[in-house]
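Visitor: I would like to learn how to read a model like this one. Where do we start?

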Amino acid sequence: MEDAALTARKILRAVAAPHIIDNKSLDVNVSLGGSTYPDAAQDAESLLGQADAAMYEAKQHGRNRYEFFRSDMRVRLATRLALEGDLRYALGRNEFLLHYQPKIDLKTGLITGMEALIRWLHPERGMLLPAAFVPIAEECGLILPIGQWVLLEACRQSRAWSDSGLGVMPVAVNVSAVEFQGKDFLSGVRAVLISTGMEPQNLELELTESVLMQDAESAMVTLLALKAMGIRLAIDDFGTGYSSFTYLRRFPVDTLKVDQSFVQEITADPEGKTMVDAMINIGKSLNHRVIAEGVETRSQLDFLQRHGCGEGQGYYFSHPVVADHAKSLFKDGLQQGLVH
Ligand code: C2E
Ligand code: MG
Ligand code: MG
């Protein structure tokens, strides 16, 4: 096992060194899994299966590392494989649904839009949150048809709300890296806008910094194309990735969503406050809307209002809810405002 670990470390080091290709530095990550004969298994097939399980663990624990098989991994791998299998049928069986969480204007208390968040109503496991299946869907490519469904359903819902006389209700949809970088992404978005009759300015796409920074130049091309279609763009979980300030200024985005980890630190310590204040100011000076994510308490809200944060989202206002409930929030919230 020690010999194998030594080899694993050598491989990691060799691959992690920058590879210069076409004058560009290419960073490659590897995840390694190992299993040992005769302790862990006695035949080649089981050994390989276990090494595979260990590799998945290495990926989950942040990549660029190695893991050796332990028996607790077997259960997790089995769950993962079962979910991946079920995921293939979930769209066809209509098992996905969207919950909606309102965004609130912190001055007026009015709802400015709804973020669509996917849920999977699994026949045996019950309601699953994205963390349980979106990473798997991303890895096996199923996120492409699933993402297309989310986009279609969110736009259809927004249209249905406005057709029922509620007025315009903008929706935001989360887009993962695999979708954003997929070659059919733009045409997929265009097709949904056409088939639902959705006004592009009422659709906002949420992208994380890491999605944008993976290949900033080609991200820029896609962002400009989306912008030209009239769609709004947001940087999600702002502050958790590593944004380049150069790109932050150049990317044609409309909105910064301050990650909830920062918002939750507002009440925890003075540095947390300074940080959020700085992030609000970055957004403002770039002329972006600033939305604080994960607002849970009155004192967080007070702070955000005092420091001129434009909008907020979080359990303090409303959990993500089913479409019908979102509709009534919208109806009541419109007259009342949810802040007071
Ligand atoms: P996100 O886009 O940053 O969404 C915010 C997450 O924080 C949601 O979790 C929401 O339920 C949760 N949240 C909202 N307010 C609060 C609060 O006050 N306190 C706390 N502790 N949490 C709050 P959820 O629905 O589990 O989604 C997690 C992530 O999964 C999302 O993060 C997004 O990145 C991804 N996701 C969700 N739906 C989709 C989708 O349709 N497609 C893709 N590709 N990703 C999705
Ligand atoms: Mg989001
Ligand atoms: Mg977020």
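Guide: Start with burial. Buried means under 20% relative accessible area, exposed over 50%, partly exposed in between, with a 1.4 Å probe and protein chains only. D236 has 6% relative accessibility, so D236 counts as buried. Two notes on the source. This is a predicted model, where local features need pLDDT of at least 70 and side-chain atom pairs count only at pLDDT 80 or more, while totals for chains, interfaces and linings use all residues. Residues are numbered from 1 along each chain as its sequence is written, chains are lettered from A and ligands numbered from 1 in the order in which they are written, and side-chain values use heavy atoms, with hydrogens and water left out.

Visitor: Which protein donors does the magnesium ion (ligand 3) have?

Guide: Donors are N, O and S atoms within 2.8 Å of the metal (3.2 Å for Na, K and Ca); water is not among the atoms, so sites may look incomplete. Here the protein donors are D236 (OD), D237 (OD), E293 (OE) and E293 (OE), 2.0 to 2.5 Å from the ion. Along the chain their spacing reads D-D-x55-E. D236 and E293 are 57 residues apart, and the pair links distant parts of the chain. Strands (E, at least two residues) and helices (H or I, at least four) are DSSP runs, numbered from the N terminus. D236 sits in strand β10 (residues 232-238), E293 in the loop between β12 (289-292) and α13 (298-306).

Visitor: Is E293 buried or exposed?

Guide: E293 is buried, at a relative accessible area of 11%.

Visitor: Which residue coordinates both magnesium ions, ligand 3 and ligand 2?

Guide: D236 does, and the two ions are 4.2 Å apart.

Visitor: What joins the side chains of S176 and E138?

Guide: A polar contact is a pair of N or O atoms within 3.5 Å; within protein, one must be able to donate a hydrogen and the other to accept it, and residues adjacent in sequence count only if both atoms are side-chain atoms. S176 and E138 are joined by such a contact, of 3.2 Å. S176 lies in the loop between β8 and α6 (177-181). With 11% relative accessibility, S176 is buried.

Visitor: How does the domain assignment divide the protein chain?

Guide: Domain bounds come from an automatic or database domain assignment. That assignment gives domain 1 (2-71) and domain 2 (85-336). Their C-alpha centres lie 35 Å apart.
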